[in-house]
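I opened the notebook to record what I looked up in this entry, starting from a single side chain and working outward.

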Amino acid sequence: FAVMVTGVGSRVLRGVANLGHRPTIAGDQLLLEVHLLSFDQEIYGLRIQVEFCHRIRGEQKFDSLEALQIQIRDDIDYATEWFDAQGEL
């Protein structure tokens, strides 16, 4: 998903998120994982609000962690382009 995140200072941040069970690493717990675009701060433990803006793809199981990492980079590129096409959200 392309997401908008609030709760990190006064800014609204763009990101990508996965909501699912992480089948590539045999996950069994439902998790929400969010990667913030152009952001490099430690915010673990901070309560944030995540707004789902656009579905990028469904959950998939990949043959390797390397294949998953490549797909995540592609998802980040897609989300960045999608946000840029939307203008100011």
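**Entry 1: one aspartate**

I began with the side chain of D75, which makes a polar contact of 2.7 Å with the side chain of Q71. The model is a predicted one, and I read every value below as computed from it.

I then looked for a second partner. The side chains of D75 and R57 are joined by a polar contact of 2.8 Å.

Where does D75 lie? I found D75 in helix 1.

Is D75 buried or exposed? Its relative accessibility is 10%, and the cut-off for buried is under 20%, so D75 counts as buried.

I listed what D75 touches, leaving out residues up to four places away in sequence: V16, I56 and R57. R57 thus appears both in this list and as a polar partner of D75.

**Entry 2: the sheet**

Next I went through the strands. Four strands form an open sheet in the order 3-2-1-4, and the pairing is antiparallel. At the edges I noted strand 3 (31–36) and strand 4 (49–54), each of which pairs on one side only. From one strand to the next, the twist averages 40°.

Which elements does helix 1 touch on the sheet? Helix 1, residues 65–86, packs on the sheet and touches strand 1 (2–7), strand 2, strand 3 and strand 4. I noted that the direction of helix 1 makes about 135° with that of strand 2.

How many bridges join strand 2 to strand 3? I counted six between strand 2 (residues 9–20) and strand 3, with the two running antiparallel. For a register mark I took A17, which stands opposite V34 in strand 3.

**Entry 3: the whole chain**

I then stepped back to the protein chain, which has one helix and four strands. Along the sequence the pattern reads β-β-β-β-α.

Why does the radius of gyration agree with a compact globule? A compact globule of 89 residues would have a value near 12 Å, and the protein chain has 13 Å, so I recorded agreement. The C-alpha trace spans about 40 × 30 × 20 Å along its principal axes.

For burial, I noted that 25% of the 89 residues count as buried; D75 also counts as buried. The protein chain exposes about 6500 Å², and carbon and sulfur atoms supply 47% of that area.

Last, I checked sequence separation. Of the contacts with a separation of 6 or more, 54% come from residues 24 or more positions apart.

Terms used: Residues numbered from 1 in each chain as written. Predicted model: local features only at pLDDT ≥ 70, side-chain atom pairs only at ≥ 80, totals over all residues. Heavy atoms only, no water. Pairing = 2+ DSSP bridges. Axes fitted to C-alpha atoms, helices over the stretch in contact; angles between N-to-C directions. Contact = heavy atoms within 4.5 Å. Buried < 20%, exposed > 50% of the residue type's maximum accessible area, 1.4 Å probe, protein only. Polar contact = N/O pair within 3.5 Å; in protein donor to acceptor, adjacent residues only side chain to side chain. Rg over C-alpha atoms; globule rule 2.2 N^0.38 Å. Areas by Shrake-Rupley, 256 points an atom, 1.4 Å probe, with all protein chains shown as cover.
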